[in-house]
Each structure stands twice: as C-alpha cells, then as structure tokens.
Amino acid sequence: MQGAIARVGMVVVAAILNHPLLFPNENTTLPDQDEELISRMQEYEERLEREHARLELEFSLIESKQEETAEDYSWYLWSSLSVFVFFIVEMLRVQIGNTEVRATEEEDLFTVCGSGGVDGVVLDKNDMSTFCDKCSYSSAQRAQEFVEGFADDLLESLRSVCDRDTDMEVGEFVGVGSVFESWTVSKSQTFDLIVPFWPPDRFCFQFRLWCDRSRDIPPDLPACGVIEVTSEEDCLCGTANMGDDMLCLLHKERKHSPLVDPSPEKLLCSKNSVLLSKDQAMKWFQISITKAWGQISHKYDFEVSFRNLDAAGALKIRFPSGKVILMNVIPAVQLDDTCAYFVCHFPSEYHVVPDPYWPISFAVYERNLLKHFAKHLPQHSCHLHCLQIATFLHRKQTGLTGECALTNYHWKTAVMHLLLSHQPSKWGLKNTEQQLRDVLSFMWRSLHEKRLNHVLIGNRKVPKELQVPEVVQKAEPVNLFRSLVLHGDIHAAALRHFQEMVRNSTALLQEYAPLYSSGTLQHRLDQSLD
C-alpha cells in the first residue's frame with residue numbers, strides 16, 4: 001500500500017516537471033517545431049497514461065480487498081454477537097423454565113403459606129389459649145423432683161461400683177432440654193441429663209475443636225471435636241525429699257498403696273490411639289449404669305430398662321400403675337471450665353457423628369439464654385407458647401407422615417433467633433398469633449434456603465452475660481440444615497412435612513379445643529398429648 005502511494009507520487013512529480021507549460025513560449029533555445037521533441041513528449045505522455053491506468057487498477061484491487069476484509073470482519077462481529085445474544089436468550093429461557101418447574105412443585109406450599117409463609121393459616125386465639133393452658137401440668141414439678149432424686153441416687157451407686165484408681169470419675173448431672181426449659185408439650189415427659197466424667201488421677205483430657213484450622217477435624221463435621229487422653233506431670237511428692245513428717249494432700253490416700261496405670265481399655269481410648277472413643281465410653285457407661293441399678297433396685301417398686309441400646313443412658317422407668325417416665329442420661333466431657341460439653345450422642349440427633357469425633361452440646365448455654373430472655377420480656381410472654389404450639393404440630397404431623405430431618409431442636413433454634421432479633425415488647429401474650437406466624441415464616445424461609453444457623457456459634461447478637469467461649473463466637477456459623485443441602489430427597493421430605501403440617505395446623509388445634517357437652521367442659525387434649 002505504501003509502495004503504490006510512493007509510485008503515484010513520483011509519476012505526478014515527473015508529469016509536473018515535464019509538462020510543456022512549465023517552460024515559457026519566449027524560450028528561443030528550442031525550436032517551436034522541433035519534431036523530435038514533440039515525438040518524445042508524446043511517447044512520454046502515453047507512458048504516463050499507461051502507468052496511470054495501471055495504478056488505477058491497483059488502487060481498485062486494493063479497495064476491493066479492503067471492502068472484503070471489512071465485510072469479513074463485520075460478518076464475524078455480527079456472528080459473535082448473534083451467538084452471544086442467542087446464549088443469553090437460551091439461559092433466560094432455561095432459568096424461566098426452572099422457575100416455572102419449581103413454582104409448579106411448590107404451588108401447594110405457596111397456596112398454603114402465601115408470600116409470608118403462613119398467610120393462609122387461620123389461628124384461633126381461644127384455641128391457642130386453651131392449648132397453652134393444658135400444656136401446664138401440675139404434676140410436672142413433682143415428676144422433675146422425682147427424676148432429680150433418682151438420678152442422684154443412681155449416680156452415687158455408679159461411683160461406688162467404679163474403681164477410683166483406674167476407672168473414669170463421674171460428676172453431678174446437669175438438667176437440659178424441654179422439661180428443664182419449661183416448654184415440653186407431652187405428658188410422657190423426657191428428662192435429658194448431662195453427666196460429665198473425667199479420667200483418673202495423673203491423666204487429663206486435651207481438646208481439638210472443629211473451628212481450629214490447624215487441627216485435623218474433617219470439614220463435614222462442624223461443631224465437633226476430638227478428645228485426647230494425656231498424662232499429667234507427676235506430683236512433686238514423688239521426687240522431692242519432704243521428710244517423713246510431711247503429708248501430700250493429693251496422694252495421702254495412696255501413701256501405702258502402689259500407683260497403678262490404667263490400661264487403654266480403662267481410659268476408653270480408640271484402638272492403637274490416644275483419642276477418647278465414643279463407642280468405648282458408651283459401652284463403659286451402659287455397663288456401669290446396669291451395675292449401679294442392680295445395687296439400688298431393691299429400694300424402688302418400678303422397673304428400669306434401656307429403651308435404646310445405641311444410646312448409653314436412654315432409660316425407661318415404668319411404674320406399676322402403667323405411668324412411664326423417660327430419661328436420657330448422657331455421658332459427656334466438659335470443655336475446660338465452660339458450660340459446653342462433648343456428648344456421646346444427642347437424644348434427637350438425625351445425623352450420627354462417627355467415632356472418635358464428639359459432637360459439642362451448648363444446651364446449658366441455650367437454657368441460660370432462655371432464662372436471660374425471660375428477665376427482659378413482658379411478664380406474661382408468649383415465646384414459650386409459640387414454641388409449644390410449633391413442636392406440638394410438628395410431633396402430630398410426624399405421627400401422621402413419619403419422621404423427617406426437622407426436629408424440635410430446629411424449632412427451638414428458630415424461636416431463639418427471633419428472640420434475638422425482635423423487640424422484647426413484641427412478645428406479649430396478646431401477640432401470640434402474630435409471633436407464631438413469624439416462627440412458621442422463619443422456618444419456611446430456612447427450609448427453602450436450606451440454611452438454619454446455630455444460634456450461638458458465630459453469632460455476635462448473643463448477650464455477653466452468657467459468657468459463651470470466644471472461640472465459639474468467632475467461629476464461622478454452623479448450618480443445622482447442612483443435610484438438606486447435600487441430599488435433595490431429605491430436603492424434599494422436609495418441605496412436604498412442613499407443607500402438610502401447615503395445612504393441618506388449624507384442624508389439629510381445633511380438634512383439641514374444649515368441647516361443651518351437657519353443660520360440662522370436656523377436654524380431649526390430655527389424650528392427644530400422651
């Protein structure tokens with residue numbers, strides 16, 4: 001292209017220099033009629049015309065190529081743009097199609113729940129008031145007193161059958177769960193008791209938590225940890241020369257008896273490991289409970305049996321009258337000096353944690369959190385009533401359609417989240433209906449989002465008065481609905497369960513409302529709660 005332009009420039013310059021008008025007529029050095037000069041100029045003019053024609057041909061070819069290149073580029077550009085637009089349109093069509101499919105699948109739920117989750121539910125205030133009144137049992141306090149006294153007696157007998165030199169030592173129980181938090185809705189009450197234990201002298205427990213990134217806890221086991229059994233340093237009385245008249249207050253009872261190191265089986269460790277085994281701990285605790293009950297059974301006129309062999313202390317007490325009391329005596333290891341415990345199992349655990357990993361229970365902190373709310377809420381608050389109604393509906397629906405991933409603990413978590421976010425004045429007794437709707441709506445959103453965070457872990461809204469360990473508050477939130485994310489069938493079953501529960505809620509509450517017959521008030525709620 002540049003060479004052609006240069007040649008054109010040279011031709012133009014030559015034409016100008018050799019043009020006849022460049023020389024004036026007055027020039028007498030050349031004859032006017034010089035035929036040789038005229039012939040030469042004509043030849044040169046013809047050569048210039050041929051060169052000009054050739055250049056025009058070259059220019060036309062170059063322009064045509066440029067036009068073709070521009071057309072090719074334009075075609076490429078428009079083709080790319082068309083493909084991109086087609087891709088966007090296709091993605092939008094797929095997205096709209098998926099949305100329509102989901103809308104079709106969940107049409108019934110939206111119809112029942114409405115935009116807020118529970119707009120279509122009719123909740124009668126009188127029915128709810130009657131229900132809550134019947135959930136308050138006059139015998140609940142007496143049953144709790146009996147369980148606490150029996151547990152003390154049973155654990156004292158357990159300590160007597162254990163070897164204090166080689167066996168684990170057992171502490172005092174801690175009451176947790178719905179009965180001790182005053183929101184149980186079943187006459188057949190279940191009492192959850194955490195029983196801490198620790199290793200014999202000269203041994204201690206060391207802990208590794210899931211939130212410590214330097215540890216080897218699998219990422220799919222949140223709110224879990226491992227417990228390592230280690231030896232403490234020997235007491236100075238074994239090395240220092242204190243004289244015959246000096247007495248060691250720690251080892252005074254062992255002065256005339258040799259120290260015996262317990263075997264790994266006695267320390268309840270996993271095979272070829274220093275990690276405390278859940279399976280070994282449950283086996284030891286179950287055998288110890290059996291021996292302890294054998295020593296004191298003659299003092300009582302009721303029967304005690306294990307209702308679940310996979311749970312170490314799942315006890316069933318049956319009286320001669322037929323009345324039944326359920327107890328979950330849960331062996332646990334206290335996390336340092338906190339109120340958090342490593343437990344062998346949760347009474348309502350849907351997902352089983354493999355050995356040697358221990359799930360961590362914050363039930364004591366949760367009980368204290370509810371007590372904290374009770375001090376700041378109106379005198380007659382409705383938060384426990386809302387929890388009672390929600391768990392009652394959930395339990396009745398479970399009886400109709402079977403168990404699902406949703407548990408009472410999830411409902412309690414939902415209520416505690418709302419307690420942390422709502423103003424205390426909104427929890428007055430007159431607002432029971434609205435607050436119950438909020439609880440159902442919160443659970444509805446959590447199920448669809450497949451996310452329900454643990455109320456204490458990674459939650460900065462928790463009051464400082466509870467003294468939750470800092471490592472727990474700074475940890476990443478733990479999703480209690482993780483199984484719904486991993487398993488679509490479990491998520492679908494939970495949605496169906498919630499859908500049916502919401503549909504049946506009005507009928508279930510009305511069914512157990514008071515009925516007037518012959519002027520006498522009759523209740524069928526007692527039978528329904530059994």
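Let's start at E156, which is partly exposed at 47% relative accessibility. What does its side chain meet? In this predicted model, E156 forms a salt bridge with R159, with 3.0 Å between the closest N and O atoms. R159 is buried, its relative accessible area being 17%. So this bridge pairs a partly exposed glutamate with an arginine that falls under the 20% limit for buried residues.

The sequence positions help to explain the pairing. Both residues belong to helix α5, which covers residues 140-161, and because they are three residues apart there, about one helical turn separates E156 from R159.

From here we can move to another salt bridge, this one between strands. The side chains of E228 and R208 meet with an N to O distance of 2.9 Å. This pair links distant parts of the chain: E228 lies in strand β5 (residues 224-231) and R208 in strand β4 (residues 203-209), with their positions 20 residues apart in the numbering. Is E228 buried or exposed? E228 has a relative accessible area of 19%, so E228 counts as buried, given that the cut-off is under 20%.

For a pair out at the surface, turn to K474 and E470, whose side chains form a salt bridge at 2.6 Å, N to O. Here K474 is exposed, with 54% relative accessible area, and E470 is exposed too, at 52%. Both values pass the exposed limit of over 50%.

Some salt bridges also share partners, and in this way E156, R159 and E172 are joined into one network. That brings us back to the helix α5 pair of E156 and R159, now with E172 added to the picture. How many salt bridges does the model hold? The count comes to nine, among them the E156 with R159 bridge, the E228 with R208 bridge and the K474 with E470 bridge.

Next, the cysteines. The model has zero disulfides. C269 is buried, with a relative accessible area of 11%, whereas C339 is partly exposed, at 30%.

Finally, let's look at the nonpolar interior. The largest nonpolar core has 115 residues, and the members that touch the most others are F197, F205, L276, M327, F342, W411 and L447. Apart from this core lies another one, made of nine residues that include I330, A332, Y341 and V343. If you are browsing the structure as you read, F342 is a good place to pause: F342 belongs to the 115-residue core, while Y341 and V343 belong to the core of nine.

Definitions and conventions:
Residues are numbered from 1 along each chain as its sequence is written. This is a predicted model: local features need pLDDT of at least 70, side-chain atom pairs count only at pLDDT 80 or more; totals for chains, interfaces and linings use all residues. Side-chain values use heavy atoms; hydrogens and water are left out. A nonpolar core is a set of buried Ala, Val, Leu, Ile, Met, Phe, Trp, Tyr and Cys residues joined through side-chain atoms within 4.5 Å. Buried means under 20% relative accessible area, exposed over 50%, partly exposed in between (1.4 Å probe, protein chains only). A disulfide is a pair of cysteine sulfur atoms within 2.5 Å. A salt bridge is a side-chain nitrogen of Lys or Arg within 4 Å of a carboxyl oxygen of Asp or Glu. Helices (H or I, at least four residues) and strands (E, at least two) are DSSP runs, numbered from the N terminus.
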